[in-house]
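Dear colleague,

I am passing on the structure we spoke about, with the sequence alongside, and below it you will find my notes on what turned up. Please read them with the structure open.

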Amino acid sequence: MNNLGVIFRRELGSYFATPLAYIFIVIFLVMASLFTFDVGGFYEAGQADLIAFFNFHAGLYLFLIPAVAMRLWAEERKSGTIELLMTLPVSRAAMVLGKFLAAWVFVGIALLLTFPMVLTVNYLGSPDNGAILTGYIGSWLMAGGYLAIGSCMSALTKNQVIAFILSVVVCFLFVVSGVSMVQNAFSGWAPQWVLDTLASFSFLTRFEAISKGVLDLRDLLYFFSLMGAWLLATAVVIDLKKAD
Amino acid sequence: MISINSLTKRFGDHVAVDNLSFDVKPGEVLGFLGPNGAGKSTTMKMLTGFLTPDGGSASVCGFDIQTQTLLAQQKMGYLPEGAPCYGDMRVKGFLEFIASVRGLAGAERQRQVQRAVEQVELQDVLGQRIETLSKGFKRRVGLAQAILHDPQVLILDEPTDGLDPNQKHQVRRLIQQLAEGSNKIVVISTHILEEVSAVCSRAVIIGKGRLLADGTPDELEARSRYHQAVTLSLAAPADSAALESLPGVVAVERSADGLALTVLAKPGEVIFPAVGQLAREQQWQVNELSVERGRLDDVFRSLTSGESV
């Protein structure tokens, strides 16, 4: 695991070596504010909180995070560097974690750059800054969940577009499993525990709780075990189809 | 020390490497030969821990590649086919990254990067992005990353493929430098035969995943039907019947215009003096008279197309 840091630094650096990072950050910031002020009715609500801001993160991430994650492994396959990487003395865990953490920290940087939002709401009123902090933590954890899924999908293919679409689809399933529409479709014929399990798998259900300022250990556990499971799956996929 | 034992790899129904076994001893420069699709790259990929074998085992410096992968990989430097590198990195950054992965740090890391850069002459492109480099330079970056940690075992998959003659010469000189007077092992795969005569102390020929021949380039050349053959270049066509009746001669091949004759010798026979004497007796006007050492490409062709030598 000594090499985790080395892999992490290279990956994080590679985001900023191309315009990709800057484009992503700009789009993320523009979209986030657009949704908050326009669609979310931040001013109209007249409340000193960032609910309107965090509400849209699940939807925003659905498309933006797969765009970050798609290159993680697909690009290595495409360019053949996966052979270089895998014949270097680096453990599988260090590769998978190093890449994931770099992407996660990158998204974290983008998230931190929304700080003017916090300044604005503090200027306009006196919000519960503790709730805002847990909102940020929750959002970052959710981004980690998306990224772990994206990492696994990216490991499946050498085509970044396919990786992107697969991640969007799988992430979508994880988002909608808690939406009332899906829940209604199951209620009536499926037993209650199925409904509960489905809802408990949803990013939305978990994130809503955290963004309201409730940092429950179970929600934290959910996100970390979700990331752990998908990253483990990533390692397995890479081992199974190294050469294609 | 590399040892390969009954290594086998299948892709679906296709057997890429079929029960392959051989050892490489310290100090050897092994040329790994075979036509395209013979299983050279697949063998190298298994040897370096990229592909998992379907059967058999391989070890490098005593470390089994499947059970002690990282330890074995630390002993090796590897240039994969096509020399893939991270294109968006700059040469210096890339080499420093590889050096860090290899566990080098601080002044030692700088020293080793510097040494590798000098060895493959990359000084002028250190600040360039790898994707902007020409093919020859990319190959050299790939070589530099393979020799950064001064490895005990160097594995190069087609190191000169696609390079111009000057670059080829440079790479071969580098391989010779690396191997000279050291106890290192260099394995290069190639389908260019002159390369084997030029740099290798031993050649292994494989075809369809099986071992076909193993020996020094000289030994392999001796298996050619042109070994010890004598070529005559004449000013006027001459009757070759007298040549054919000389002792030790198997056959005479004539060029289309009849001016060049190649006299083939029986294995183990030396016919040059007899041919020379005959030419003088017959008073042929000989422009050129030479002994062939044997043609490696001839041996290669006959081995890999399934004919006997």
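In chain B of this predicted model, strand β11 (residues 230-234) and strand β14 are joined by 5 bridges and run antiparallel. Within that pairing, B:Leu232 has B:Leu289 of β14(B) as its bridge partner. Strand β14 (residues 286-291) of chain B lies largely in the open, because the number of buried residues among its 6 is 0, a residue being counted as buried if 20 or more other C-beta atoms lie within 10 Å of its own.

Also in chain B, an unreviewed UniProt entry places the feature "domain: ABC transporter" at residues 2-233. In the model, the C-alpha atoms at the two ends of residues 2-233 of chain B are 46 Å apart, and the span is 35% helix and 28% strand.

Turning to the contact between the chains, 19 residues of chain A are in contact with 19 residues of chain B. On the side of chain A that touches chain B, the elements giving two or more residues are α1 (4-17) and α7 (81-86) of chain A, and the residues of that side divide into 8 nonpolar, 8 polar and 3 charged.

As for confidence, chain A has a mean pLDDT of 88, with 99% of its residues reaching 70 or more. Among the elements of chain A, the highest mean pLDDT, 95, belongs to helix α8 (residues 92-112), whereas helix α12 (residues 180-186) has the lowest, 73. Where pLDDT is low, the predicted coordinates should not be read in detail.

With best wishes

Technical notes: Residues numbered from 1 in each chain as written. Chains lettered and ligands numbered in written order. Predicted model: local features only at pLDDT ≥ 70, side-chain atom pairs only at ≥ 80, totals over all residues. UniProt positions renumbered as here; feature names shortened; annotations may be inferred. Helix = DSSP H or I, 4+ residues; strand = E, 2+ residues; numbered from the N terminus. Contact = placed C-beta atoms within 7 Å. Nonpolar A, V, L, I, M, F, W, Y, C, P; charged D, E, K, R; others polar. pLDDT = per-residue confidence, 0-100. Buried ≥ 20, exposed ≤ 12 C-beta atoms within 10 Å, placed from the backbone. Pairing = 2+ DSSP bridges.
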